[in-house]
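Hi everyone, thanks for making the time. I'd like to walk you through a model, chain by chain, so please have it open in front of you.

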Amino acid sequence: MIPAAFSYQRAGSVDEALALAADGGDDAKFLAGGHSLLPLMKLRLAVPEVLIDIGRLSELSYVRADNGAIAVGALTSYHDLARASLLARELPLLAEAASQVGDPQVRHRGTIGGSLAHADPAADLPAVVLALDAVLVARGPSGERQIAAADFFQGLFESALEPGELLTEIRIPRPAAAGWSFQKFTKRAIDWAIVGVAVQDRRVALVNMGQQPVRASAVEQALASGAAPRDAAVFAAEGTSPPDDLNGDARYRAHLARVLTARALDEAASRG
Amino acid sequence: MKVSVTVNGNPVTADVPDRTLLAHFVREQAGLTATNVGCDTSSCGACTVLLDGQSVKSCTVLAAQADGRAVTTVEGLASVDGELHPVQQAFRAEHGLQCGFCTPGMVMAAVSLLAENPSPTEEEVRLGLEGNLCRCTGYHNIVRAILAASKEQVS
């Protein structure tokens, strides 16, 4: 099984990647690790005519402290996120979630920027950056702009990135408190979450509970008004529209969201 | 496009279609057919090779992405005089295979795992094999083999 024919181009710099994307127009896609895009291309669910390989832009692979925030380069692999000592100290939620994506081989290739730009609601890191209140930095033909994670995910496989725009950095404010948790429910280790929950500082975000990753705002409001974690968790599925598929129907997912949110809030409280 | 990959230490250069997958480049251009294509959907891990020392599923990497880089397949593990790599020896000693289809990928995943974590616990070995499926053995002997190899390599 091989993808439909396309033209492969390799960018040597961010500027070159943007220029190639401008030339390629709507038919071009950026290729980072390729672990979301290439499987879709094999199945003909994505048929780009031009692939712009940004995988060698090592200047986009880093984790560093930056003015009270933590800056993560878009091309940082899951493997490198999971092993970054700065994340282990300051942002264990991101390191822990990255260590659970796919399997070791996938984590060697897959990147945080690729996952976010792909905007799959079943992927883990979109919900994690929502819980972390991250800001996503994109560069395009008209310069650089910052997009709040809350505004970035707009629908199924749909992000706020404009055509020709490249996600370059994820900026994450240092958490105010230590309480965090990541809960992921799968049938097999390598599967996408049937439902997942990311918690940081009383922000709660859900994996695979709709067309895009969502904040469980009813839970957050209950916590803000003083509800105990277990009492707040019963609102986890409120306002969501989870999918029905072979892994579970919407009712089952709503149940899972409540159970996993309760576990996540308990765990976060025990760490906070 | 012209792709040059160092496979098991030997340069292999070929003019291939842009959409050529690394698994097919290794099998058809380098002529090394131990790397199996199993599921073709990056699930089973039978096609696992090392790319610059890290395990990857070669059915989900373009040959073009490996251009200029080093690939190791299971054929590249034994020493020049034919002595098997400790992981290969351990798979034989511990009966870590039945039909053998998943074995090249299992061995490469194990080599990558032990390179990062030379003394893994049984739990860490099982987690390290998340990306490799075996339909014969139930994994127990594979895990035993990798633990045995880790002791062999450390001692």
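Let me begin with a term: two residues are in contact if their C-beta atoms, placed from the backbone, lie within 7 Å. Before I use it, two notes on the model. This is a predicted model, where local features need pLDDT of at least 70 and side-chain atom pairs count only at pLDDT 80 or more, while totals for chains, interfaces and linings use all residues. Residues are numbered from 1 along each chain as its sequence is written, and chains are lettered from A and ligands numbered from 1 in the order in which they are written.

So, how many residues does each chain bring to the contact? Chain B brings 26 residues and chain A brings 21 residues. On the chain B side, strand S4 (54-57) and helix H3 (103-116) each supply at least two residues. Those labels are DSSP runs numbered from the N terminus, with helices being H or I of at least four residues and strands being E of at least two. S4(B) gives the most to that side, with 4 residues. The residues of chain B that touch chain A divide into 9 nonpolar, 12 polar and 5 charged. Here Ala, Val, Leu, Ile, Met, Phe, Trp, Tyr, Cys and Pro count as nonpolar, Asp, Glu, Lys and Arg as charged, and the others, Gly among them, as polar.

Staying with chain B, there is domain 1 (2-76) and domain 2 (86-154); domain bounds come from an automatic or database domain assignment. The centres of these two domains of chain B, taken over C-alpha atoms, are separated by 21 Å. Their contact takes 16 residues from domain 1 of chain B and 13 residues from domain 2 of chain B. On the domain 1 side, strand S3 (48-51) and S4 of chain B each supply at least two residues, and S3(B) gives the most, with 3 residues. By class, that side has 7 nonpolar, 9 polar and no charged residues.

Now look at the start of chain B. Strand S1 (residues 2-7) and S2 (residues 10-15) of chain B pair in the antiparallel sense over 6 bridges; strands pair if DSSP finds at least two bridges between them. Ser4(B) has Thr13(B) in S2(B) as its bridge partner. The hairpin has 2 residues between the strands, and Asn8(B) takes a positive phi near 50 degrees there. Is S2(B) well covered or hardly covered? Hardly: the count of buried residues among its 6 residues is 0. Buried means that 20 or more other C-beta atoms lie within 10 Å of a residue's own, exposed means 12 or fewer, and partly exposed is in between, with C-beta atoms placed from the backbone.

Ser42(B), in the loop between helix H1 (22-29) and S3 of chain B, also has a positive phi, near 55 degrees, in a residue other than glycine. Ser42(B) is buried, with 25 other C-beta atoms within 10 Å.

Over to chain A, which is divided into domain 1 (7-53), domain 2 (58-173) and domain 3 (180-271). The C-alpha centres of domain 1 and domain 3 of chain A lie 33 Å apart.

Find the open sheet of 4 strands in chain A, with the order S11-S12-S13-S14 and antiparallel pairing. S11 and strand S14 (214-215) of chain A are at the edges, each with a single partner strand, so one side of each has no neighbour in the sheet. S11(A) and S12(A) are joined by 6 bridges, and Phe182(A) stands opposite Ala198(A) in S12(A).

What lies across S11, S12 and S13 of chain A? That is H12(A), running at about 30 degrees to S12(A), where axes are lines fitted to C-alpha atoms, for helices over the stretch in contact, and angles run from 0 to 180 degrees between N-to-C directions. The buried residues of H12(A) include Leu256(A), Leu260(A) and Leu265(A).

Last stop: helix H5 (residues 92-99) of chain A. 6 of its 8 residues are buried, so H5(A) is largely enclosed by the rest of the structure. Among the elements its buried residues pack against are S11 and S12 of chain A, which brings us back to the sheet. Thanks for listening!
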